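Please open the structure in a viewer and keep the sequence panel visible. The tour below proposes one selection after another and describes what is found at each stop.

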Amino acid sequence: MSLDAKIPAGPLAEKWSKHKFNLKLVNPANKRKYDVIVVGTGLAGASAAASLAELGYNVKAFCFQDSPRRAHSIAAQGGINAAKNYRNDGDSVYRLFYDTIKGGDYRAREGNVYRLAEVSVNIIDQCVAQGVPFAREYGGLLDNRSFGGAQVSRTFYARGQTGQQLLLGAYSALNRQINAGKVKMYTRTEMLDVVIVDGKAQGIVTRNLKDGKIETHSGHAVLLCTGGYGNVFYLSTNAMGCNVTAAWRAHKRGAFFGNPCYTQIHPTCIPVTGDHQSKLTLMSESLRNDGRVWAPKTAELSQKLRKGELKVTDLKEEDRDYFLERKYPSFGNLVPRDVASRNAKEIVDEGRGVGGSGVAVYLDFAESISRLGEDAVRAKYGNLFDMYYQITDENPYEVPMRIYPAVHYTMGGLWVDYNLMTTVQGLYALGEANFSDHGANRLGASALMQGLADGYFVIPYTIGDYLATIGPKPVDTKHPAFEQTKKEVEERINKLLSLKGNKTVDEYHRELGLIMWEYCGMARSEEGLKKAKGLIHNLRADFWKNAIVIGENEEFNSSLEKAGRVADFLELGELMIDDALMRHESCGGHFRLESQTEEGEAKRDDENFAFVAAWEYKADNQPEVLHKEELVFENVHLTQRSYK
Amino acid sequence: MSEFKETFNSSLGKKLIMALTGLFLCTFLIVHVGGNLLLFKHDDGFAFNVYANFLTHFPPIEVIAYLLYLSILVHTLYAIVLTVKNRKARPVGYAVTSSDNAKWQSRNMGLLGSILFLFIVIHMSDFWYNYKYTDNVPYKEYRTDLSSGITQSVEFVPTSPKFENSVTTENNFEIVRVKDLHERVKGSFSNVWYVIFYVLAMLAISFHLRHGFQSAFRTLGWVHKKYTPVVQFVGTWLFAVIIPLSFALMPIVYFFTRN
Amino acid sequence: MRFEVLNRNTTQDFRLRTTDFIKMSNGNMNLTLKVWRQKNAQTAGKFVNYKAEGISPDMSFLEMLDVVNEGLIHKGEDPIHFDHDCREGICGMCSLYINGHPHGPKRAITTCQLHMRTFHDGETVTIEPWRAGPFPVIKDLAVDRSAFDRIQQAGGYVSVNTGGVPDANEIAIPKVIADEAFNSATCIGCGACVAACKNASAMLFVSAKIKQFSLLPQGQPERYRRVQSMVAQMDAEGFGSCTNTGACEAECPKEIKLTNIAGMNLDYFSAKLFRQEELHEQGHGEG
C-alpha cells in the first residue's frame, strides 16, 4: 500500500483554500442522515463534535471521564499560538508556519503546517466569541506573550489555565448541541475497538465503565480524538486515564501509526519523590525566563547536598555550574525543551543531580529576586511557586526549585492524510491522537492550536468530502462485523479477567515505564533500544501470565480498565522502540546518541530520514511493516538547529 | 400569573420570600425597640402605655401589624419548606462533619428561628393577646398638670366593659386613660424564668440576624463592593448587637429594680 | 562535548536505580483509613477500616490510596474505587470527603493536591463520597455528577456557531471585567461546593457559569434566558437551596466567590419579575 497524503498541489498559501473548494459538499437536507462518532472530548473532540452537529450531522460523542469537560486538554497551562500579529512585531501566517516547521526539525508536512498557521487566527476569534476569558490589557484588547523562545509575541493565554478555558469553551459549544439534540453524549464509556465494514470504519465497540455493558455504535465515520500516549512511560504529565487504547485498536484494524518514537520531554517538571509517584507535574517553562538552571560542580558536592551535610544556599558561587548558560551562551536558560532536558539528564547521569533522589537539577530564582524584588517575581510566577511549595514543601522564594524533565506530549500518532483520514476509510484522527503537524518536536503553545484547528476548522470541511462520496445510506448494523468485533472485545476482556497471577497491573506499567524512560527517553542508542525491546517483549509475555486482574466485567472495575490499557501500552512500547531504532538520526525530541555533532548537538540526516515513518500492523508477534512518506520541502530551506 | 407562580416555586423564589419577609421583620424590630425604650422612662409607664395604645388603635399601623403577623407565618412556613427540601437533597449524611467552613449561626438558622418562633408565640400571647382580647390588663389614669407638667398616675376601673381609651382635659389637667400594659410588663419581668427565657431569645435573635440580615441582601442579589460592608456593619452592630441588647436590658433592668 | 553511551545501561544498574526509588518511597507513617465501600448504587454501603502502612509524607493522598489498593489487589480484594484523573488539580474529577471536608482539611486545593504531610502518624482518616441526592454513588467513593453537565447543557454557553464570528479584538472588554469573568470561569466542576453545603446546594457551581457570561459582552444576548434555564435545571435535579453559609466558598478548591450567587439571584429576579421578553424555549431543530 502506498501512502497518499493528498496534499493539494499549488502554492503553499493557496493549498487549503483550493482544497476547500475542491472538496465535495453534503447537501444540507442530507446532513441529518449521517451519523458521526466522535471518541474523546478534549479540544479536538469537543470542537469537532460541536462543529459537526452545528452543520447538521448527528453526532455520538464518547469519553471515559465522567464529564466531557475533564479531558486532559484542560491541564494545558501556557497558551495558544495564533498568527494574529496584534503586536505589530512582524508575525504572520508564514512566520508561524516557518517556526513550526523549523521547531519540528523539518519532519512535518509543509501543507499541513501552513494550514494550521492559517486557521490559527480563526481559533482565537471563535474562542473569544464563545466567551473564553483570555488575558486582556487595560485598553480592553487581548494580551499576548512570547512563549517557548519564539521571537514574536503570538501566544494568547488565560492566566496559567489556557487549556482549561479553551476546553470549557468547546465544552459549552458541545453542550449547546447536546441540548439541541444533535449530539448524544456517552460519558464513562471507553472505546475498545473499531468496527470495519468492507474496509470502512462504520462503528465502534464500547464498554460502559459503570456497569461493564459492551455495546456497539454505528456511524458513517469515526473520529478518534483520543489524545496522546505519553503514559506509556508510566510517569508523565498526562492524566492517569490517558491511554492509547482507542488509537492502538484502530492501528490493529489497519490504521498506520506515524512516527511513534517522537515524544516531547518537558524540562521543567517537579522531580519524582519515590516509587509511589503516580504522575508528574509540569510547571510552565516560562519559569526559565527568570530562573537559572544549575547543578553542583562535582558529584561529591552533590552527595553532600543530598545527605543534608551541605545546605544549597551555602554552596559557593564557584561551586555552581550554570550548565545551560555555560554551554549555550547566546540562548542560555532559554534553549529549546529537548536541549534543556537532555542536559539535565546528562548532569544526573554524571552523579551531579540534587534532591533526595539525585534525579533533579536546580532552577534558581535568587538572582531574579534580588534584581526584580520578591513581589515582582511573585506577580509573574506566584501560582507556580505556590504549586511547587504545595507539592514539595519547599519554599522556592528561599531555596532553589528542583526540576527534572518529564514526558509531556507525543508528536507521533495515527498517520493521517491532509484530510485527517487514517489509512482506514472513514476513520479520522484529530489532535494529539494524530501525528500530523508537529514533526519531531512541538513548539510551546501549539498543542491547543492544533487540537482546535482540527476540530473547528479542518474536519468540518474534509469529512463532507468522504460522506458525500459514500452517500447517506444508513449503516448496516446487522453486518456480521459488528457482532464479530464485539465478540473479540468480550474475549479479550475475559482473557484479562482470567489473569490471577502475582503482580499488579500497575507494577507492570511502572516497569514498562522505567524501561521506556531509560532506553527510549531523552537519549536513545542502538544498544539500549535493542535491550529494551527484549525487556518489553519478556514483560509483555509475563503480563499475560502473571498479572492480577480483580473482579468481573459487569461492574465498575478500575482494575480491568487499567489492565486493558496497560496491555496496549506494552504493545505500543515495542513499536516505539522499533521506530526509534529505525530512525538512525537525531531530530527534535528524538536524540540518537550515534547521531550527534562534535559539540553534542542533535544531528539530523535529511538525506536518509526526511520521511514520515508509518507503521503497519500485520499480526500478533509479527514485526510491523514500515511505510515511508517522503517529506517534500518546497518552501523552506532545511538547516541544522544551533543554540550556541 | 403562572410566571410568578413558577418564580416563587423555584429555589431562588423561595429564598426571595425568606429574604423579603425577613427584612420586613427587621424593620419592624427597629420600630419595636424604639417604642420599648420608653420602658426606661421613669413615668410609671405613661409614655409606654400611650405608645402601646397608639399602636393598637391607629388603623394604618393595624394594617401593617397584620402584614407583620403574615410575614412571621410566611417566613416560618417557607423556612420549614426549604429545610425539608434541603434535607431531601442529602438523603445520606456524612459520618464526619466539620464546623470550621461556615459560621455557627449560618448553619443553625433553623434552630435559632425555632427558638424565636416559640418566643414570639409566648411573647404575643402574653402581651398582645391579653392586651387586645382579654380583660387581664388593668387600666390606668394619668393626670398631667398642664401648668407644672407633672404627671401622676392612679388606678382606674372603667365603668363600661367596652371602654378602650380616652383623653380629656379637666381643670387644666390632661387626663389620659389607657390600658396599663406597663403593669403587665413589670409583672412578667419580675419572674426570673421569664427573664432568662427573654434574654436567651434575644441572644437567639442576635445570632439569627447576624447571619440573616446580610444573607437577605445576598439573596436579593444586592452585593456591592462598596455597599456590602455597610450592610455587614449595620447587620452586625445594629441588628445583632444594639437591638437585641436593648431588648435584653429591659427585663434585666426591670428584674433588678423590681420592688 | 558529546553525550556518551552510558555504561549504566545495564540491567544491574537499572535494578539498582529501581530499588533506590522503592527505598525512598518507604515512609514511616501508619494510618487507619475508614473508607466508605459500596458495591453499586443499588446495594447499601458501609465503612470498612484499612491500614495504610509505610506511608511517605511526600505522597499525595491519592498516591496513598494507590498504595493501599496495590496491597488489596495483591490479596485478591477489590481495590477502593475513587474518581481521579489529571492529579494536578484542574480536571475536577477527584472528589473525596476527608475528615469532614471535601478535598480534605487544607483549603484551596483538590484531593489530588493534598499531601500526606498534612496528616500525622497514627491518625484515623475517614473517607466518604460526596453526599447529595443528585450525586448518587456509583461505587465506593465515586459518584455520578452528570447533573452538573445537564445544568450546563441547559444554557451554559454562548450560542455562536463555528465560523462567522467577529475578529477577536473587535470586542473590547475592560481588563477588570475580563479578570473577574476569569475568576468565575476557573470553576473545575468538581462538586465540592455541593458536598460542603449543608443543604447540598449547587448554587456556587451554577452561578459561577452564569456570572462568567453575565459579565462579558458575549454573554449579554442570552443573559436572562440562560439564568432561567440553568436555574430551572438545577431545581429539577433536586439540589438544595442556598442559605449563604459560605461553606462552599471556604471549601472551593478554586476559591470561587459567594458573590457569584448574589449575581445569579439578581439576574434571575430581573428576568422573572421585571423583564418583559419571552423566554424562548430551546429548539430541537437543525442545530
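**First stop: C:Asn161**

Select C:Asn161, which is placed in the loop between helix 3 and helix 4 of chain C; helices (DSSP H or I, at least four residues) and strands (E, at least two) are numbered from the N terminus. This is a predicted model, in which local features need pLDDT of at least 70 and side-chain atom pairs count only at pLDDT 80 or more, while totals for chains, interfaces and linings use all residues. Residues are numbered from 1 along each chain as its sequence is written, chains are lettered from A and ligands numbered from 1 in the order in which they are written, and side-chain values use heavy atoms, with hydrogens and water left out.

C:Asn161 has a relative accessible area of 32% and is therefore partly exposed; buried means under 20%, exposed over 50%, and partly exposed in between, with a 1.4 Å probe and protein chains only. Which residues does C:Asn161 contact, leaving aside its neighbours within four places in sequence? They are A:Glu54, A:Gln126 and A:Arg176, where contact means heavy atoms within 4.5 Å. Display the side chain of A:Arg176 as well: the side chain of C:Asn161 makes a polar contact with it at 2.9 Å. A polar contact is a pair of N or O atoms within 3.5 Å; within protein, one must be able to donate a hydrogen and the other to accept it, and residues adjacent in sequence count only if both atoms are side-chain atoms. For a sense of scale, add C:Tyr50, which is 111 residues from C:Asn161 in sequence and 52 Å from it in space, C-alpha to C-alpha.

**Second stop: chain C and its interface with chain A**

Colour the whole of chain C, which has 9 helices and 7 strands. Of its 287 residues, 63% are buried.

Now show chain A beside it. Of the 2 pairs of chains in contact, chains A and C share the most contacts, with 98 residues of chain C touching 107 residues of chain A. The area buried between these two chains is about 9,000 Å², of which carbon and sulfur atoms give 52%; buried area is the accessible area (1.4 Å probe) that two parts lose on being put together, summed over both.

Across this interface there are 8 salt bridges, a salt bridge being a side-chain nitrogen of Lys or Arg within 4 Å of a carboxyl oxygen of Asp or Glu. To view a salt bridge between side chains, select C:Asp83 and A:Arg188, which meet at 2.7 Å, N to O. The interface also holds 49 residue pairs in polar contact, both residues being at pLDDT 80 or more. Several elements of chain C supply at least two residues each to the side that touches chain A, including helix 1 (11-25), helix 2 (61-74) and helix 4 (175-185). Helix 1 of chain C gives the largest share of that side, 8 residues.

**Third stop: salt bridges within chain A**

Hide chain C and select A:Arg107 and A:Glu585, whose side chains form a salt bridge at 2.9 Å, N to O. The two residues are 478 apart in sequence: A:Arg107 lies in the loop between helix 4 (93-103) and helix 5 (110-130) of chain A, and A:Glu585 in the loop between helix 17 (558-582) and helix 18 (606-609) of chain A. Both A:Arg107 and A:Glu585 are buried.

Next, select A:Asp290 and A:Arg371, a salt bridge whose closest N and O atoms are 3.9 Å apart. A:Asp290 lies in the loop between strand 11 (263-269) and strand 12 (292-296) of chain A and A:Arg371 in helix 11 (residues 366-372) of chain A, so the pair ties together parts 81 residues apart in sequence. A:Asp290 is buried, at 8% relative accessibility, whereas A:Arg371 is partly exposed, at 48%.

**Last stop: chain B**

Finally, centre the view on B:Ile115, in helix 6 of chain B. B:Ile115 is partly exposed, with a relative accessible area of 31%. B:Ile115 belongs to a nonpolar surface patch of about 880 Å², whose members include B:Trp104, B:Trp193 and B:Phe207. Patches are made of residues with over 30% relative accessible area and no salt bridge: like charges are joined within 9 Å, nonpolar side chains (Val, Leu, Ile, Met, Phe, Trp, Tyr) within 5 Å. Accessible areas come from the Shrake-Rupley method with a 1.4 Å probe; for residues, only the protein chains shown count as cover. Which helix of chain B gives the most to the nonpolar patch? Helix 8 does, with 6 residues.
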